Amino acid sequence: MVDQPLLRIKELRTHFHTERGRVTAVDGITLHVEEREILGVVGESGCGKSVTSQSILRLFDEKRTVKYEGEIHFKSKNLLKISNANMQKIRGNDIAMIFQDPLSSLNPVYTIGYQITESIMLHQKLQKKKAYEKAVEMLRLTGIPAPEKRVNDYPHELSGGMRQRAMIAMALACQPRLLIADEPTTALDVTIQAQILDLINRLNQELNMSVIFITHDLGVIAEICTRVVVMYLGQIVEEADVEKLFSNPLHPYTKGLMKSIPQIDGDRSQALHVIEGTVPSLHDVPNGCRFASRCPYASDLCRAKMPELKIVKTGQKVRCWHYEEILEKEEVDV
């Protein structure tokens, strides 16, 4: 019997009902996460990365303005079909999430220790004293100095890096099988960012925990991920192993993102590459390829018909009508 992936998403669509009508923020996402894998999800703001991750945990349920379609299978359960009560048992326990801004995610009127022990007592049924001891242990695991003291601090008493570590400690308190990290290093300086990335990488190996790492920074993807999906306007436009993606990007959007990465040994007199235009509004989604309005290779076909996400000879998946022609032209130019 072939081992099933830990998480398998099939044709996920997340619709929101707004005053201007229904919008589809995630449109037909299909992906999987293997055991112990770190999967990277990359794209500009507005591409649907965070909505995809929050849809996995059904965090929009309380809004009552959302509709999900498709399947999200986690450990043989379709998360879109189970009850709210069963979903609550999974959130923070089997699947945990680190949010981009810990200061807005942590409750300012409760201590760090109280917020971590609350999750432990809820999911692991430990007594308060044991839960408190485990909270200290988790803070120590994430590298916070003097955890016995910091456990009694309020969020505003911690630095940005410490708050992010506290969020990670809270997420890991119940030893989840899957950790979703939604741009956890965006607001941190480069030194703290490197420490957080090392921490997530180490915990992935020590705890045998799978990770979905969401970011707009391809440099971070290259550092810790094994496989990556590139999203644009609610869809996956390319999927590949990290090495293949960096050595042979196929989609024009991926190529644009690659060119936007600063090169240490590059010509500093040259301006960084910029992808012209912006991500379109969800209220005005193009009919054909969603990247066509910003793509230098777009044709009438691109503007009229949406390409399928298909597997190519290299094993990568790409959603582009002209990726072969573009690749051949670039090889000739080189």
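A cavity is a set of points, on a 1 Å grid over the protein atoms alone, where a 1.4 Å probe fits but cannot get out, and its lining residues have an atom within 4 Å of a point. The model is predicted, so local features need pLDDT of at least 70 and side-chain atom pairs count only at pLDDT 80 or more, while totals for chains, interfaces and linings use all residues. Residues are numbered from 1 along each chain as its sequence is written, and side-chain values use heavy atoms, with hydrogens and water left out.

**Exercise 1. Describe the second largest cavity and the helix that lines it.**

Solution.

Step 1. The second largest cavity holds about 70 Å³ of space; a volume is the space filled by probe spheres set on the grid points, which are joined across faces, edges and corners.

Step 2. Its lining consists of Leu31, Leu39, Val41, Lys49, Thr52, Ser53, Ile56, Ile212, Ile214 and Met231. Sorted by type, these are seven nonpolar, two polar and one charged (Ala, Val, Leu, Ile, Met, Phe, Trp, Tyr, Cys and Pro count as nonpolar, Asp, Glu, Lys and Arg as charged, and the others, Gly among them, as polar).

Step 3. At least two lining residues come from each of β3 (38-42), α1 (49-56) and β8 (210-215). Helices (H or I, at least four residues) and strands (E, at least two) are DSSP runs, numbered from the N terminus. The largest share, four residues, belongs to α1.

Step 4. Seven of the eight residues of α1 are buried, where buried means under 20% relative accessible area, exposed over 50%, and partly exposed in between (1.4 Å probe, protein chains only). Lys49, Thr52, Ser53 and Ile56 are among the buried residues of α1.

**Exercise 2. What follows α1, and which partner does Arg58 have in a salt bridge?**

Solution.

Step 1. Arg58, just after α1, has a positive phi of about 55°.

Step 2. Arg58 forms a salt bridge with Asp61, with the closest N and O atoms 2.9 Å apart; the term requires a side-chain nitrogen of Lys or Arg within 4 Å of a carboxyl oxygen of Asp or Glu.

Step 3. Arg58 is buried, at a relative accessible area of 7%, whereas Asp61 is partly exposed, at 22%.

**Exercise 3. Which parts of the chain are tied together by the salt bridge of Asp27 and Arg290?**

Solution.

Step 1. The structure holds 17 salt bridges. In one of them, the side chains of Asp27 and Arg290 meet at 2.5 Å, N to O.

Step 2. Asp27 is in strand β2 (residues 21-33) and Arg290 in the loop between α11 (252-259) and α12 (300-304), so the pair ties together parts 263 residues apart in sequence.

Step 3. Both Asp27 and Arg290 are buried. They also belong to a network of salt bridges with Glu11 and Arg13.

**Exercise 4. Describe the largest pocket and its lining.**

Solution.

Step 1. A pocket is an open set of points with protein on both sides within 12 Å along at least five of seven lines. The largest has a volume of about 740 Å³.

Step 2. Its lining has 20 residues, and Arg91, Gly92, Phe99, Ser119 and Met170 are the closest to the centre.

Step 3. β6 (95-98), α4 (112-124) and α7 (160-172) each give two or more residues to this lining, and α4 gives the most, with five.

Step 4. By type, the lining divides into 11 nonpolar, seven polar and two charged residues.
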